[in-house]
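Open the model in your viewer and keep the selection panel at hand. The stops below go from the ligand outwards to the domains.

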Amino acid sequence: MSADGVDNRIVIVGPGAMGCLYAALLTEGGGEVALLDYRRERAAEIARQGVILVEQEQERTVHVPCQAEAELLGSAALVVILTKAYDTLAATQHSAALVGESTAVLTLQNGLGNYQQIADCIPLAQMLAGATTAGATLLDTGKVKVAARGEIALGSPAGDEELAQQVAGILSSAGLVARTETDVDALLWRKALVNAAINPLTALTHRRNGELLDNADLRQLLRMVAEETYEVGSQLGIGWGHFDPYALVEQVCERTASNKSSMLQDVEAGRRTETDSINGYIAHQAQQAGLAAPLNEALTALVRAQATV
Ligand code: KPL
């Protein structure tokens, strides 16, 4: 990021639901924004037609530059990685030309292990990671239905509070709600705990988030997965603070009741899911530490078996 704060160009990597949503909102908020997509034809289509937001039954188009080659965009103040978790490494490599010595790279992806993968290519000191409570559905190329704008919480894995504040400031000044947290791993594990419980159960039962609470068996499963994940995290030293894991999951189901989770959307669209980076990652971490996480392990296998790819 430039020391004088003048060069605030933001590049969003990955034109999925979240990528398009944030590219459009940040552009509307006065940010200088571009999208990077590895698929040339899709990039050209989005560049031509713009991002179409469907919000509160109203449709509007926001024009955002979109390129397939990072070299054509040059270095940015902020790069936001919003690809699917399984594309993290490829997206980071594809974005290399965007990242100069003073570029901050922020991942807002679902799942765990993303910033660690990105940090294989980019100095950890330039990395930020966070989570969003926005809800969005990709209706078509570049066309997104907005359920909730939500808020972004982010932090620095290297403990650079100033960088985290600076980037939260860039996002806030372009109209988003953004705040910082000091313990980034606790933040990411909290989001992963919610995703580990809600996402596979919605994907396996084809229910919306709120509909999980209508069924006693599913409520019980939500509780058990949340508690298992909490236990694994605790054993691994995650500083959860005091909270009731099931209460958090229930609250998110209620707040996002009409949402189709991203995993249900993936299954319905015949796309690969992110279960390996959510339930699979938790089960793997547990196994490495000599712990058991049978529910996360079983959900990973069931979702993988259900997916068409
Ligand atoms: O993050 C989500 C997702 O769908 O991936 C939740 C919080 C479950 C909202 O739908």
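Start with the shell around the ligand: its residues divide into seven polar, two nonpolar and one charged. This is a predicted model, so treat every distance and area below as computed from predicted coordinates.

**Stop 1: the shell.** Select N110, K191, N195, I198, N199, N209, V252, N259, S261 and S262, the residues around the ligand. Show them as sticks, with the ligand in another colour.

**Stop 2: helix α6.** Now select residues 184–205, which form helix α6. This helix supplies four residues, the largest share of the shell around the ligand.

**Stop 3: polar contacts.** Which side chains place an N or O atom at 2.9 Å, 3.0 Å and 3.4 Å from a ligand oxygen? Draw the distances one by one.

- N209: a side-chain N or O atom lies 2.9 Å from an oxygen atom of the ligand.
- N195: the corresponding separation between side chain and ligand oxygen is 3.0 Å.
- K191: here a ligand oxygen and a side-chain N or O atom are 3.4 Å apart.

With a surface switched on, consider how much of the ligand is covered. Taken alone, the ligand exposes 280 Å², and the protein buries 89% of that.

**Stop 4: the two domains.** Hide the sticks and colour residues 5–182 as domain 1 and residues 185–307 as domain 2. Taken over C-alpha atoms, the centres of the two domains are 24 Å apart.

**Stop 5: the interface.** Select the residues in contact across the boundary: 24 from domain 1 and 21 from domain 2. The two domains bury about 1,900 Å² between them, with 53% of that area on carbon and sulfur atoms. Finish by selecting Y86, N110 and L112, which supply 39% of the area that domain 1 buries against domain 2, more than any other three residues. N110 was also part of the selection around the ligand.

Key: Residues numbered from 1 in each chain as written. Predicted model: local features only at pLDDT ≥ 70, side-chain atom pairs only at ≥ 80, totals over all residues. Heavy atoms only, no water. Near = heavy atom within 4 Å. Polar contact = N/O pair within 3.5 Å; in protein donor to acceptor, adjacent residues only side chain to side chain. Areas by Shrake-Rupley, 256 points an atom, 1.4 Å probe, with all protein chains shown as cover. Helix = DSSP H or I, 4+ residues; strand = E, 2+ residues; numbered from the N terminus. Nonpolar A, V, L, I, M, F, W, Y, C, P; charged D, E, K, R; others polar. Domains from an automatic or database assignment. Contact = heavy atoms within 4.5 Å. Buried area = accessible area lost by both parts, 1.4 Å probe.
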